[in-house]
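User: I'm new to reading protein models and I'd like a close look at one small part of this one. Could you start with the surface and the overall build, then zoom in on a single loop residue?

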Amino acid sequence: MSTTTHRVRAALAPASNPYQESVADYWNHEMNPVNLRLGEVDGLYHHHFGIGDVDWSVLHGPEDTRDKRIIAELHRLECAQADFLTDHLGTIAPDDRLLDSGCGRGGGSLVANKRFNCHVDGVSISETQVAFAASQAKKRGVNDKVRFHLKDMLETGFETGRFRGIWNNESTMYVDLSTLFAEYARLLTRGGRYVTITGCYNDTYGLPSREVSTINAHYICDIHPRSAYFKEMAKNRLAPINVVDLTAATIPYWELRAKSSLATGIEDTFLTAYKNGSFQYLLIAADRI
């Protein structure tokens, strides 16, 4: 076993298991252009999708700059999603602490720090992501307030009541919700805010559709039913205060992405799932009571 692998497994103990190790390995080696090239636009590297109306004029104009225009537009839409999530964190003071749980390459943490000038801790089980995110915080001169940690979001080791706000942005499908929300109930101060943006399968459709199963296989994840979020929040003192169905708002992002050089082949599956009603894209904001 290499030293790096040993450090990753040691950092995840005792919550690690073969599935988590496979997820960590996937993200340690992930170099998907749809994540990297969008981040190169302004140095904010996100690992989530976008929302909002598309400026379809990017498809027209000089052919040699078409791809650059599309990439900039896709990045604008993913930044709009990050801003929308941040809007729902409530009032945050400079001395407050936030947790970016499943932080990816750190874009969301940097957005929140810029908005609130607060302390942000990002956690990921990917050593590669943590190192990349830390380098971005240092490059921006905010590493005194924005720090990244190789930690399991199910058992972070942070002290009880440390955080005023916690969020997941498209990362809850990698973990058990009952364990996750129990940890957040412990970490949040009373009255603190939890926000997630996530894809979930629609319970009223029945069992997960073929498209949802394809998405699971593509991202090695396990998409939860919509009802599971509210059931497990209720068990763990998280009271929803805002639920926003973003399904219609994310469809234009996928339609544009399907026309880009960054298409991965999963775009039509997402579009079919959203349009047939078997898959939904939700924001849920909840207070710790």
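Analyst: Let's start from the outside: the protein chain exposes about 12,300 Å², and carbon and sulfur atoms supply 52% of that area. Keep in mind that this is a predicted model.

Now look at what is covered up. Of the 289 residues in the protein chain, 55% are buried. The overall size fits with a packed ball, too: a compact globule with 289 residues would have a radius of gyration near 19 Å, and the protein chain has 18 Å, so the two agree. If you follow the C-alpha trace along its principal axes, the spans are about 55 × 45 × 45 Å.

What is the chain built from? You'll find 11 helices and 7 strands. Among the contacts with a separation of 6 or more, 78% link residues 24 or more positions apart. As for charge, there are 31 positive and 35 negative charges, and their mean positions are 4 Å apart.

Okay, time to zoom in on N17. Find α1 (3-12) and α2 (18-29), and you'll see N17 in the loop between them. Is N17 buried, partly exposed or exposed? Its relative accessibility is 32%, which is why N17 counts as partly exposed: the cut-offs are under 20% for buried and over 50% for exposed.

Next, follow the side chain of N17. It reaches the backbone nitrogen of Y19 at 3.0 Å. That distance is within the 3.5 Å limit for a polar contact between N or O atoms. So the picture of N17 is a partly exposed loop residue whose side chain reaches the backbone of Y19.

Methods
Residues are numbered from 1 along each chain as its sequence is written. This is a predicted model: local features need pLDDT of at least 70, side-chain atom pairs count only at pLDDT 80 or more; totals for chains, interfaces and linings use all residues. Side-chain values use heavy atoms; hydrogens and water are left out. Helices (H or I, at least four residues) and strands (E, at least two) are DSSP runs, numbered from the N terminus. The radius of gyration is taken over C-alpha atoms; the globule rule is 2.2 Å times the number of residues to the power 0.38. Buried means under 20% relative accessible area, exposed over 50%, partly exposed in between (1.4 Å probe, protein chains only). Contact means heavy atoms within 4.5 Å. Accessible areas come from the Shrake-Rupley method with a 1.4 Å probe; for residues, only the protein chains shown count as cover. Lys and Arg count as positive and Asp and Glu as negative; His and the chain ends are not counted. The place of a charge is taken as NZ of Lys, CZ of Arg, CG of Asp or CD of Glu. A polar contact is a pair of N or O atoms within 3.5 Å; within protein, one must be able to donate a hydrogen and the other to accept it, and residues adjacent in sequence count only if both atoms are side-chain atoms.
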